[in-house]
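Student: I should like to learn how to read a structural model feature by feature. Could we proceed by question and reply?

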Amino acid sequence: MASFHGSQTTPSTATLTHSPIYHAIIQAGPRLKPLQQVHARILVTGYGRSRPLITKLLSFAYAATSPVSYTRHLFFSIPKPDTFLFHSLITLTSKFNFPRESLLYYRRMLLANISSSNYTFSAAIKSSTDLMAFSIGETIHCHVLICGYGLDVYVQAALVSFYAKSGHVRIARKVFDKMPEKTVVAWNSMISGYEQNGFGKEAIGLFYLMQDLGVKPDSSTFVSLLSACAQVGASGLGCWVHEYIARNCFDLNVVLGTALINMYSRCGNVSKAREIFDLMEEKNIVAWTAMISGYGMHGHGNQALELFSEMRVRGPRPNSVTFVAILSACAHAGLVDDGRQIFASLRQEYGLVPSVEHQVCMVDMLGRAGHLNEAYQFIKDIPKEPAPAVWTAMLGACKMHKNFDLGVEVAEHLLSLEPENPGHYVMLSNIYALAGRMDRVEKVRNIMIRNRLKKEVGYSTIDVDQKVYLFSMGDKSHPETNQIYLYLDELMSRCREAGYIPASESVMHEVEEEEREHALRYHSEKLAIAFGLLKTGPGVPIRIIKNLRMCEDCHTAIKHISVIADREINVRDRLRFHHFKDGSCSCGDYW
């Protein structure tokens, strides 16, 4: 052993007790007891500068999530770290979620003029991803190209994940397309990147390409794909994925099971989501919360409360996100008393501090139920300045219950907090219009024009034969536009005969009445519904996903369409699901 490590001088007890490593070991306490004993033995026997031994010790230290101070002392005890030590440390720290340490060692490796390998580049890029350190990741990418690893499959996969998770999906796709060999990990990173950045349709398109090229998907592929299906309402593909999972005997683990719950809930089939939930052998807090949230978005407040009560008895301890889900369910179902009690238990029983999301839920719940004074007092009682989202919930309640004086006050306060948010100007304009203050309407609109603020564009998607179609207001890009518009005109005429009256206040008030009605007729959800009725057979439910909140006119019109067409029509807007059947909506006009 001595010949392998070279001659060593055994340190004296005095030298040992005065070394920084000795004190680091002592301060580490009982968590490092086994390593502490081993390290002390190494020092006492004179091998404290042996690179192989210290490298192995560092491996165990990071695996045991040891204190950073201790591991740094270990590293600095080696006078001239070699290539193997640097490579080992960078990969170890990245693997065991010490990204800052990983980048520290990477920097020191560069300063020591030691070359990287594909594994160290991959580890350093992953650490940049974990820290969301975009500029550092870009710099490492430059090092990759300089050192000739630009086409390495492992490095490229890490770069795809880095750019995708940093929100730069176009760069991620460029890197992905240049890969000479694409592993399933690279495909998963790109599909996940699209889904996480809101490009669900692109994620689905990439999966179809993956299938065409014969790349076999795994569980991670399906988790991301199911999330993309939930995002765009691709229920057909989501069901196919479920069948594939069952047919190929995939383990319905908690991650995959939760993805299925989320997909079915957000695609309108909450009963199927519950079926998956009941089949899962292991249920963590994410699964319970997903199911409660699913009930909430469908307006099934009582079922959400029952499941929440069951969770408190035999499930995991509810966390902050769970409380957001159950409070939202109470808000959408008008369960004010239950909501008040649950909000009180948040702090009293579970010791959680109410977040902005909880505050928004409470204001939304009280406001929807017409308790505007209580909602306003709730906001005033918030210790710090309430977040804009809280005031936005209050503003929506004022508009709903036509309390124009309070609505104007809230809207003007919102504008002082977020002067660049066009949504606040639109809401204020609508409130002024409903109150008959047309002079103020024009003033608000002129401010928007002067500041170049534009209202968010609304769109709706519909899944027909496992293909997602997108429509926006007045959209004429579809190849069958003429047929869709003619059919929609016929539908709306029949709705008129059945008693439908356009809610013209839902659109801009400076145009003539006839123009308002024309604008209302071609809202995105109406176009999507007309297309769905044309392309599906009798009795097939129509499912629409809308990115904004549905307007009052569309809500009224779709109730009439459900009777005239004799179809069940499900619409998921930004806030919740609306199930239209036989002239009524599941929300009971409470949304």
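Tutor: The discussion below takes up cysteines, a helix, cavities and some single residues in turn. Please keep in mind that this is a predicted model.

Student: Let us begin with the cysteines. How many disulfides does a search of the whole structure find?

Tutor: The test is one of distance, since a disulfide requires two cysteine sulfur atoms within 2.5 Å. A search of the whole structure finds zero disulfides. For cysteine 267, the nearest cysteine sulfur belongs to cysteine 229 and lies 6.6 Å away. For cysteine 330, the nearest is the sulfur of cysteine 361, at 9.3 Å.

Student: Are these two cysteines buried or exposed?

Tutor: A residue counts as buried when its relative accessible area is under 20%. Cysteine 267 has a relative accessible area of 5% and is therefore buried. Cysteine 330, with 1%, is buried as well.

Student: How does one check the length of a helix, taking α16 as the case?

Tutor: One compares an expected span with the distance between the end C-alpha atoms. Helix α16 covers residues 235–247, and its 13 residues should span 18 Å at 1.5 Å a residue. The end C-alpha atoms of α16 are 18 Å apart, so the two values agree.

Student: Which residues of α16 are buried, and what covers them?

Tutor: The buried residues in α16 are Ser235, Leu237, Gly238, Val241, His242, Tyr244 and Ile245. Their cover includes the helices α14 (200–212), α15 (219–232), α17 (254–266) and α18 (270–279). It also includes the strands β1 (459–464) and β3 (542–546). After α16 comes cysteine 249, which has a positive phi, near 55 degrees.

Student: What lies just before this helix, in the loop between α15 and α16?

Tutor: Alanine 234 is found in that loop. Its relative accessibility is 2%, and therefore alanine 234 counts as buried. To see what surrounds such a residue, one sets aside its neighbours in sequence. Not counting residues up to four places away, alanine 234 touches Ile204, Cys229, Cys267, Asp463 and Val468. Alanine 234 and tyrosine 469 are 235 residues apart in sequence, yet their C-alpha atoms are 9.8 Å apart in space.

Student: How is empty space inside a model found, and how many cavities of 30 Å³ or more are counted here?

Tutor: Rolling a probe the size of a water molecule over the atoms shows where empty space is left. In this model the count comes to two cavities of 30 Å³ or more. The largest cavity has a volume of about 50 Å³.

Student: Which residues line the largest cavity?

Tutor: The lining consists of Gly233, Arg266, Cys267, Arg543, Ile544, Ile545, Asn570, Val571, Arg572 and Phe577. Strands β3 and β4 (569–572) each supply at least two residues of this lining. By character, the lining residues divide into five nonpolar, two polar and three charged.

Student: May we apply the same reading to isoleucine 125 and histidine 141? Where is each found?

Tutor: Isoleucine 125 is found in helix α9 (residues 118–131), and histidine 141 in helix α10 (residues 134–146). With a relative accessible area of 0%, isoleucine 125 is buried. Histidine 141 also counts as buried, because its relative accessibility is 16%.

Student: What is each of them in contact with, leaving aside neighbours within four places in sequence?

Tutor: Isoleucine 125 is in contact with Ile140, Val144, Val155, Ala158, Leu159 and Phe162. Histidine 141 is in contact with Leu159, Tyr163 and Val175. Isoleucine 125 and leucine 159 are 34 residues apart in sequence and 6.7 Å apart in space, C-alpha to C-alpha.

Terms used: Residues are numbered from 1 along each chain as its sequence is written. This is a predicted model: local features need pLDDT of at least 70, side-chain atom pairs count only at pLDDT 80 or more; totals for chains, interfaces and linings use all residues. Side-chain values use heavy atoms; hydrogens and water are left out. Buried means under 20% relative accessible area, exposed over 50%, partly exposed in between (1.4 Å probe, protein chains only). Helices (H or I, at least four residues) and strands (E, at least two) are DSSP runs, numbered from the N terminus. The expected span of a helix is 1.5 Å times one less than its number of residues. Contact means heavy atoms within 4.5 Å. On a 1 Å grid over the protein atoms alone, a cavity is a set of points where a 1.4 Å probe fits but cannot get out, and a pocket is an open set with protein on both sides within 12 Å along at least five of seven lines; lining residues have an atom within 4 Å of a point. Grid points are joined across faces, edges and corners, and a volume is the space filled by probe spheres set on the points. Ala, Val, Leu, Ile, Met, Phe, Trp, Tyr, Cys and Pro count as nonpolar, Asp, Glu, Lys and Arg as charged, and the others, Gly among them, as polar.
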